[in-house]
Each structure stands twice: as C-alpha cells, then as structure tokens.
Amino acid sequence: MQSQSIILLKEQEKNLHIASGAFAHCYRHPQQADLCIKIATSNPKAAKRLSTDVSYYKKLHAQKKNLAQVSDMLGSCMTDLGPGHLYECITDSDGTVSKTLDHYINAHPEMLGAIITALRGLATYLLQNRIIISDLHVKNILIRVTKNQPPSAMIVDGIGDKVAIPLLNYIGPLADAKIARRWNRFVAYLKNKFPEIHFPDDQLLLDLGKKK
Ligand SMILES: Nc1ncnc2c1ncn2[C@@H]1O[C@H](COP(=O)(O)OP(=O)(O)O)[C@@H](O)[C@H]1O
Ligand SMILES: [Mg+2]
C-alpha cells in the first residue's frame, strides 16, 4: 500500500511525536489515530534497519502469521519529514498511546504482578506462533492497558532475525529453541537491569521441555 498524498507532520511535530529510538522517530498519524509513522533517524544504519524490517514483515504476511501481539506494518508513505512506514499504533482503551515496559517497571511497581503475567503471555504467544525477535528490550515492548481486562504486552520493534542460513529458522525445533533462548536472555537482561525487582523464573522462563 502506498499512500498518494504527502502527510504533513512538520507543523504539528511536537504534538504528534510519540518517541524516538536510535533508528526511528515515531509519530502519530495526523488523520488516522490507529496508525503511526516511523521515519529513519540520521543514524547511518537507520534506513537499512527499516528496510530489513520491511522484508521481515513481508515474510510474516506471506506466512499469514498471527500478529495479535506485534504491531503490524501497513505500508509505506511520504511525509514532509521524509519517507516513512505506517504501523498499527498501539493504544490503550482511553485512546492514548500505550507506554513502554520500561515506564511500567520504573513508575508502576503496583502493577508488577500484572506486567509479569502479560510478559508470560507474550512469551507463550511468540513460541506458539513461532515469531523470532532479535531485539527484545524494555522500549520495544509496550504494555497495552485496556479497561476491564488484564494488560497485554505488544512488540513494536526488533522483530526478525539476521542469520547466515535463513532456512534453519524454518526447522520448527530449531526456531523454537532460538525463541526460547532469546526470551530467556531477555529475562536475564531484565533481572540485571532491575536488580531490586523479583522476576520469577517459574513464570517467565521458557522451558521447551514443558511446552506441551
Ligand atoms: N506501533 C507503535 N505504537 C506506539 N508506539 C510506538 C510504536 N512503535 C514505536 N513506538 C514508540 O516509539 C519508540 C521508538 O520506536 P522504535 O521502532 O523502537 O525505534 P528504534 O528502531 O529507533 O528503536 C518505541 O520505543 C515506542 O515508545
Ligand atoms: Mg526500538
């Protein structure tokens, strides 16, 4: 999908800006509240990183993967800040943009139990749908807070996998082992980053022996 007209962001840049990482500035779409636009930063690796994302999303679409917990990429667009990519914008039920896992761990200790349950749900989802994430960290996961429902964890960045032999990722048990390894490494990173917080192994670690 290619949107024809130029999307105007510059004038409302401050209002529309959601957040920026090393590679992408993320803006809310000025007309469609359910979309956001990612524009490459000036980092020399940014454009390459976005185009790698495009090709991984193409694979996910071709394989008809369940993207319930991954923000989907919906096409490219042109803006007055340069070319961009359209993504599903992750929002809470009050319409505001969902906040990062980092935010909740730092600012909402009372929600920790619910956050751990949401992370467990994300781990199970990634394994069941065989979705490989290369860059799991606290700002690439948003916590979606929905009225009368437990919060859920959504991936907004870092999907895909750079490998010498991509075919290996199509061998189910190898892909599963990789997903579990990456997830468990992420849990270790959380423990290291937030040493004062208890992240229970029995809830969070993926153990393939117990999968079925
Ligand atoms: N689909 C999305 N919905 C809502 N916010 C998002 C979305 N994608 C990214 N963001 C916000 O923008 C930030 C930067 O986007 P990201 O894609 O992670 O850029 P980078 O590749 O530079 O890390 C994220 O940490 C998140 O806070
Ligand atoms: Mg990121």
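**A ligand shell, a central strand and a helix**

The shell around ligand 1 draws at least three residues from each of domain 1 (10-88) and domain 2 (99-210). The structure described here is a predicted model. In that model, 22 residues surround ligand 1, and those that come nearest are G21, C26, S71, V156 and D157. Four elements give two or more residues each to this shell: strand 1 (17-20), strand 2 (24-28), strand 3 (35-40) and strand 5 (82-88). Strand 1 gives the most, with three residues. When the residues of the shell are sorted by class, 13 are nonpolar, five are polar and four are charged.

Strand 2 deserves a closer look, for it contributes to the shell and pairs with strand 1 and with strand 3. Consider first its partnership with strand 1. The two strands run antiparallel and are joined by three bridges. Within this pair, H17 stands opposite Y27 of strand 2. A hairpin of three residues leads from strand 1 to strand 2.

The pairing of strand 2 with strand 3 is also antiparallel, and here there are five bridges. One of the residues involved is A24, whose bridge partner in strand 3 is A40. These two strands likewise form a hairpin, with six residues between them.

How is strand 2 placed with respect to the rest of the structure? A residue counts as buried when 20 or more other C-beta atoms lie within 10 Å of its own. By this criterion, five of the five residues of strand 2 are buried, and the strand is therefore largely enclosed by the rest of the structure. Both of its faces are covered: one side carries A24, C26 and R28, while the other carries H25 and Y27, and all of these are buried. C26 thus appears twice in this account, as one of the residues that come nearest to ligand 1 and as a buried residue of strand 2.

The final element to examine is helix 4, which comprises residues 112-128. Its 17 residues, at 1.5 Å a residue, should span 24 Å, and because its end C-alpha atoms are 24 Å apart, the expected and modelled lengths agree. The buried residues of helix 4 are I115, A118, L119, L122, A123 and L126. These residues cover an arc of only 145° around the axis, so they lie on the same side of helix 4. On the other side of helix 4, by contrast, G113 and Q128 are exposed.

Definitions and conventions. Residues numbered from 1 in each chain as written. Chains lettered and ligands numbered in written order. Predicted model: local features only at pLDDT ≥ 70, side-chain atom pairs only at ≥ 80, totals over all residues. Near = placed C-beta within 6 Å. Nonpolar A, V, L, I, M, F, W, Y, C, P; charged D, E, K, R; others polar. Domains from an automatic or database assignment. Buried ≥ 20, exposed ≤ 12 C-beta atoms within 10 Å, placed from the backbone. Pairing = 2+ DSSP bridges. Expected span 1.5 Å × (residues − 1). Arc of directions from axis to C-beta.
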